[in-house]
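Trainee: I should like to learn how to read the features of a protein model. May we go through one together?

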Amino acid sequence: MIILHHCPQTRSMRSLWLLNELGVEFTTVVHPFGKNLRDPSYLKLSPAGRVPALEIDGERLFETGAITEYLCERFPEAGLGRLPGDPERAQWLMWVHFSETISQHIAALTQQHIMLYDDTMRSPVVMKLEAARLRKCYEAVETRLGETGDYLLKSGFSAVDTSVGHAVYMGLHFAKLEGLPRTEAWYARITERAAFKASLPKGEEEMLYRQAFYPAWERPAS
Ligand SMILES: N[C@@H](CCC(=O)N[C@@H](CS)C(=O)NCC(=O)O)C(=O)O
């Protein structure tokens, strides 16, 4: 039995999308985003109180990168991994984990725009810097697609596209893809997939992001 611990609009959607692509049976436990992730029972699954956490084969996993690697090895027939010995193994690993380089900027931007509810706590400089660093990551994706074609690996669609694609899905709250035509086309291609659509919030859950886009914020003149 596979159980995914999930909060909508967070990193756990990366694992949800992958599970949907794999077409395996699993159950989702949806947690409200907040203090209950620090509940001692949840900390047994994820010691820093983060999502996702995955229960599988008697194992408890946290960290999306580890979950992606484990699931792709556990279900190789889906062809979403590039296992040891595959000529694209190194590229696959690198891009799976690059998704977290992107996500760290989104986490910083989410903190600045949403978690820090009091204007005195926020920094317009940090917001601008993190949005620029996020955009730099998109540019790396654009360059890569110039070398590979329709997907991030030459051999075709893989968990690299779901991993980085999830990060871009989250990143679009803070930086757009304007001027990056290959990335725009790739993003449209991968988000057409039924497995992506099945991973989107259903609309009944409490949303972390109330706006589609958060422009850079300026401190009001006092
Ligand atoms: N590197 C971790 C990051 C996990 C993470 O920080 N998840 C966020 C949601 S996007 C979280 O659970 N935050 C809850 C908190 O910080 O209290 C991964 O890839 O799984």
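Trainee: Does Cys-137 count as buried or exposed?

Mentor: Please bear in mind that this model is predicted. A residue is called buried when its relative accessible area is under 20%. Cys-137 has 6% relative accessibility, and therefore counts as buried. Cys-72 is likewise a buried residue, because its relative accessibility is 2%.

Trainee: How many disulfides does the structure hold?

Mentor: In general, a disulfide is a covalent bond that joins the sulfur atoms of two cysteines. The structure holds zero disulfides.

Trainee: How should I read a helix, and how many residues of helix H1 are buried?

Mentor: One may go along the helix and apply the cut-off to each residue. Helix H1 covers residues 12-22, and ten of its eleven residues are buried, so that the helix is mostly covered. Among the buried residues are Met-13, Arg-14, Trp-17 and Glu-21. After H1 comes Gly-23, which has a positive phi, near 70°.

Trainee: Which residues does His-166 touch, leaving aside those up to four places away in sequence?

Mentor: Let us begin with its place. His-166 belongs to helix H6, residues 159-171. The residue counts as buried because its relative accessible area is 0%. With residues up to four places away in sequence left out, His-166 touches Thr-10, Arg-11, Met-13, Arg-14, Trp-17 and Asp-161. Of these, Met-13, Arg-14 and Trp-17 are also among the buried residues of H1.

Trainee: Where does Thr-148 lie, and what does its side chain reach?

Mentor: Thr-148 is placed in helix H5, which comprises residues 124-148. Its relative accessibility is 13%, so Thr-148 counts as buried. The side chain of Thr-148 reaches the backbone oxygen of Tyr-151 at 2.6 Å. Not counting residues up to four places away in sequence, Thr-148 touches Leu-153 and Lys-154.

Trainee: How do I read a residue in a loop, and where is Thr-191 found?

Mentor: A loop residue may be located by naming the elements on either side. Thr-191 is found in the loop between helix H7 (181-190) and helix H8 (194-199). Thr-191 counts as buried because its relative accessibility is 13%. A polar atom of the Thr-191 side chain lies 2.6 Å from the backbone oxygen of Tyr-187. The backbone oxygen of Ala-188 is 3.4 Å from a polar atom of that side chain of Thr-191. Beyond four places in sequence, Thr-191 touches Phe-196 and Lys-197.

Trainee: How far apart are Thr-191 and Gly-165 in sequence and in space?

Mentor: Sequence and space are two separate readings. Thr-191 and Gly-165 are 26 residues apart in sequence, and their C-alpha atoms are 8.0 Å apart in space.

Trainee: Which residues are around the ligand?

Mentor: One may list the surroundings before turning to particular atoms. The residues around the ligand are Thr-10, Arg-11, Phe-33, Arg-38, Gly-49, Arg-50, Val-51, Pro-52, Glu-63, Thr-64 and Glu-100. Thr-10 and Arg-11 are also touched by His-166.

Trainee: Which atoms of Arg-38, Val-51 and Thr-64 should I examine beside the ligand?

Mentor: For Arg-38, a polar side-chain atom is 2.7 Å from an oxygen atom of the ligand. For Val-51, a polar backbone atom lies 2.8 Å from an oxygen atom of the ligand. For Thr-64, an N or O atom in the side chain is 2.6 Å from a ligand oxygen atom. The ligand on its own has 510 Å² of accessible area, of which the protein covers 80%.

Conventions:
Residues numbered from 1 in each chain as written. Heavy atoms only, no water. Helix = DSSP H or I, 4+ residues; strand = E, 2+ residues; numbered from the N terminus. Buried < 20%, exposed > 50% of the residue type's maximum accessible area, 1.4 Å probe, protein only. Contact = heavy atoms within 4.5 Å. Polar contact = N/O pair within 3.5 Å; in protein donor to acceptor, adjacent residues only side chain to side chain. Disulfide = S-S within 2.5 Å. Near = heavy atom within 4 Å. Areas by Shrake-Rupley, 256 points an atom, 1.4 Å probe, with all protein chains shown as cover.
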